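Biologist: I'm new to reading structures, and I'd like a close look at a single part of this one. Could you pick a spot, tell me what surrounds it, and then walk me outwards from there?

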Amino acid sequence: MRRTRHPRLCLAGVMTASALLAAPAAGAAEPTGDHLTDLVNPFIGTQNEGNTFPGAAMPFGMVQLSPDTGHSTGYDYSQNRIRGFSLVHLSGVGCRIGGDLPVLPTTGDVTQTDNAKYAAAFRHEDETASPGYYRVGLASGIGAELTASARTGVQRFAFPATDKANVLLNAGQSLHKKVSAKVEVLDDRTVRTAVTGHGFCRDTLPYTVYTITRFDRPFTAYGTWDGKAVTPGSRTGKDGAYVRFDATRDRTVTATTALSYVDANGAAVNLRVEGGRSFDAVRDAARRAWEERLGTVRVQGGGQTLRRTFYSSLYRSFLAPNTGSDADGRYRGWDLRVHRAQGFTYYQNWSLWDTYRTQCQLLALLAPQEARDMALSVLKVGEEGGWLPKWGYGTVETNIMTGDPVTPFLTTAYQQGLLKGHEEQAYRLLRRNADGVPPAGLPIAGREANAEYIANGFAPYVKGRPQTKLGDSDYHQGASVTLEYALSDAMLAQMARGLGHVADAERYAARSRNYRNVFDPSTGFFRARDASGAFAGPDDPALSVGFHEGTAWQYQWLVPQDLPGMIGLIGGERAANDRLDAFFAYDRLPADPERTAREAWVHGNAYAYYNAATYNPQNEPDLIAPYTYLSTGQPWKTTDVVHAALTLFTDSPTGMTGNDDLGTMSAWNVLSSIGLFPVQPGYGTWGLSTPVFDRVDLALDRRYWPGGRLTVTAPGTSATDRYVQSARTDGSPYGRTYLTTDALRSLHQLAFTVGPDPSEWGTSREAAPPVLK
């Protein structure tokens, strides 16, 4: 893919602008092939609903400056017109959000105010992207470059010779639904906007994004527009503004835009603190930041394509959650009041139903200081917003997805030692969430079906039940909700026990076995139950009802707290292995893993969740499922399934499996490639499988990981030699198929010996991950 080269544009009239952008400024860092950033392809996942974005961002930055082509979430590689470069994007979400303040350079008179009509054509041959940098040559003859700091986006435009070089700032159009907008031309270099909107998968409460844009030279003219009416010389408008430059001699214009969710002053503070640098200086700083972040993992072995897909996934794993506090520490809380973060960075954007399974564990391992701040931010939401979040964007709750994902997210932070000094605060909030339902006046849904779950041992499936709050309803997905509540109860029980709350621990541990209450012995699968307790929907598990984005086949293994209990329900290890083999099409898998993954597992597009009896590697409910074989005495099959699923990640725009969901799928790729996976999300259990690299060196923060480093080796690992023959930890033989977080803390080396055939390693019952009691 095109990541780092600067192509000469062949479009008529474009050469001069292209040359201005292609020539590096003095001292600017150029790709040498020795940088990890050169292995990142930001275009992966930009086609077929991976919903990633190719634009510029810093690790966990507030700003993600990227082109929008007309797709609901921003950029689609199959489209060829850019409507603007906007400030906010979320990597891999399935619904529209962000896209605030699309900016586009044009020439000539300003006659259109709809960005779908003034959108500029482009070709992928004229497009380049790398971490912290994006560049494109437009068919209009204008070249555009993007880079970013944490809270600012910087755009540099190279115009053909004209005295009507315009920059359009469209405050009235975004990816979400606009409620209101305001634009002000403050002086001959500065434009300020405020955009209030709402949206995502359902309507949400409104939130406001404030921006201030400073240009590097004065305008020669300006104007604003309301609707379709353009008013030259006007300083205020409801929907947008244009500013004009004379580009007959000086052909480049640079604009720095600062963002704030607090107020206009917050945007001004962010501009003052992070603005004022040249485009090249900001780009080089972004590149260095990404080099440092990616450098926490060094791999050896594997082909160039494998390394590119790996580091591209690692890159996407560090894109979110996003900085929410301004440079002065202020942030707008979920009570819509302004607060100040003391001693930590406040983060926002919580795709918890997705990220609790993979990404939060990866960040705890590789970015524990940021992961701690993220956990503290969720506690702030719980204190200031009145309840812990479910799926939060900016300052509002969306209530998208179901279950109780915040519990394993926070218990993961507890188990990884990220909540020191805040354990009881976190426990108090989690206990309230686990035992109650948010008041009617709060927009947060929490465990919506908790009263019935606690009284009867299951969440009822009530089709068509009227919703009292925006978003998804737990009552519409009673079967999967019961499984997810039970999983969360198991993880909270472990935290309660660790903190000495013995009675609570026993109570939650007992509730963690509520998964048994939705097991139908007549079908041998989990099944929704209605309010009367009767099993609901078709008895065919592939056609089941009440499972969110999946079927009974795909949810059957979501009992990581007690897989032996689940295995017992379906008839023991032999029956479980037979069912796992059918689920993964194992009769075909070893002979042709890639073809099996694409033909037997992938059932359609990223949203094909239902009517299937096999593994769906494109969505979250199945992410842990390949590791079930670790508990059935056949760990080599985990390697077979995981390595087959890894072939779905490729170095192309279609190379993402499903939506990335703020780094969830990317983190699955990273962890599974290393051979270390969180098989009990919310607890400190890491399942083991064969790495895809000969050697992986992890640089760990000694404040949280006293060992300071971890090296995972598997010399000679390949598509043929992929089975673990033996394992050693710091030189000592190791026969279990998992490691605990406590064991990892001081471990320096995990060494696998691999071979072409399965072995007896990890096949005993004692080798399997533990039951959480």
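Modeller: Let's start at Thr296. Setting aside its neighbours within four places in sequence, Thr296 is in contact with Phe318, Leu366, Asp697, Leu698 and Ala699. Keep in mind as you look around that this is a predicted model. Is Thr296 buried or exposed? Its relative accessible area is 13%, and since buried means under 20%, Thr296 counts as buried. You'll find Thr296 in the loop between helix H4 and strand E19, which covers residues 297-300.

Now step back along the chain into H4. This helix, residues 279-294, packs on a sheet, where it touches strands E7, E8 and E9. The direction of H4 makes about 50 degrees with that of E8.

So what does that sheet look like? It is an open sheet of 10 strands with antiparallel pairing, and the order is E3-E6-E7-E8-E9-E18-E13-E12-E11-E16. At the edges are E3 (81-82) and E16 (236-237), and each of these pairs on one side only. As a bit of background, strands of a sheet pair through backbone hydrogen bonds, either parallel or antiparallel.

Let's go through some of the pairs. Take E7 (residues 133-138) and E8 (residues 143-148), which pair in the antiparallel sense over five bridges. If you want one bridge to find on screen, look for Val136, whose partner in E8 is Ala144.

Further along the order sits E13. Eight of the nine residues of E13 are buried, so this strand is largely enclosed by the rest of the structure. With E12, it pairs in the antiparallel sense over eight bridges. Here Thr193 stands opposite Thr211 in E13. E13 also pairs with E18, again in the antiparallel sense, over six bridges. In that pairing, Ile212 has Ala258 in E18 as its bridge partner.

H4 has company on this sheet, too. Helix H3, residues 264-274, lies across E9 (152-158), E12 (190-198), E13 (207-215) and E18 (252-260). H3 runs at about 130 degrees to E18.

There's a hairpin worth a look as well. Strand E14 (residues 221-226) and strand E15 (residues 229-232) run antiparallel, joined by four bridges. Thr224 stands opposite Thr231 in E15. Two residues lie between the strands of this hairpin, and Gly227 takes a positive phi near 60 degrees.

Another place to visit is Arg332, in strand E21 (residues 330-332). Leaving out its neighbours within four places in sequence, Arg332 is in contact with Tyr261, Val262, Arg337, Val338, Tyr346 and Thr395. Glu384 is 52 residues from Arg332 along the chain, and the C-alpha atoms of Arg332 and Glu384 are separated by 10.0 Å.

Next, try a helix you can check with simple arithmetic. How far should H12, residues 478-498, span? At 1.5 Å a residue, its 21 residues should span 30 Å, and the C-alpha atoms at its ends are 30 Å apart, so the two agree. H12 is mostly covered, with 19 of its 21 residues buried. After H12 comes Gly500, whose phi is positive, near 85 degrees.

Moving on, there's a pair of helices that cross. The axes of H17 (residues 593-601) and H18 (residues 635-646) come within 8 Å and cross at roughly 80 degrees. That makes H17 roughly perpendicular to H18. Where they meet, Pro593, Ala597 and Trp601 in H17 touch Val641, Ala644 and Ala645 in H18. Sort the residues of this contact by type and you get six nonpolar, no polar and no charged.

Last stop: another sheet. It is open, has three strands in the order E29-E30-E35, and the pairing is antiparallel. E29 (676-678) and E35 (738-740) stand at its edges, each with a single partner strand, so one side of each is left without a neighbour in the sheet. Ignoring direction, neighbouring strands here are turned by 35 degrees against each other on average. E30 (residues 685-688) runs antiparallel to E35, and three bridges join them. Thr685 stands opposite Thr740 in E35. This sheet has a helix on it as well: H19 (residues 664-674) lies across E29 and E30, running at about 130 degrees to E29.

Note on methods:
Residues numbered from 1 in each chain as written. Predicted model: local features only at pLDDT ≥ 70, side-chain atom pairs only at ≥ 80, totals over all residues. Heavy atoms only, no water. Axes fitted to C-alpha atoms, helices over the stretch in contact; angles between N-to-C directions. Parallel < 35°, antiparallel > 145°, perpendicular 65-115°, else oblique. Contact = heavy atoms within 4.5 Å. Nonpolar A, V, L, I, M, F, W, Y, C, P; charged D, E, K, R; others polar. Pairing = 2+ DSSP bridges. Expected span 1.5 Å × (residues − 1). Buried < 20%, exposed > 50% of the residue type's maximum accessible area, 1.4 Å probe, protein only.
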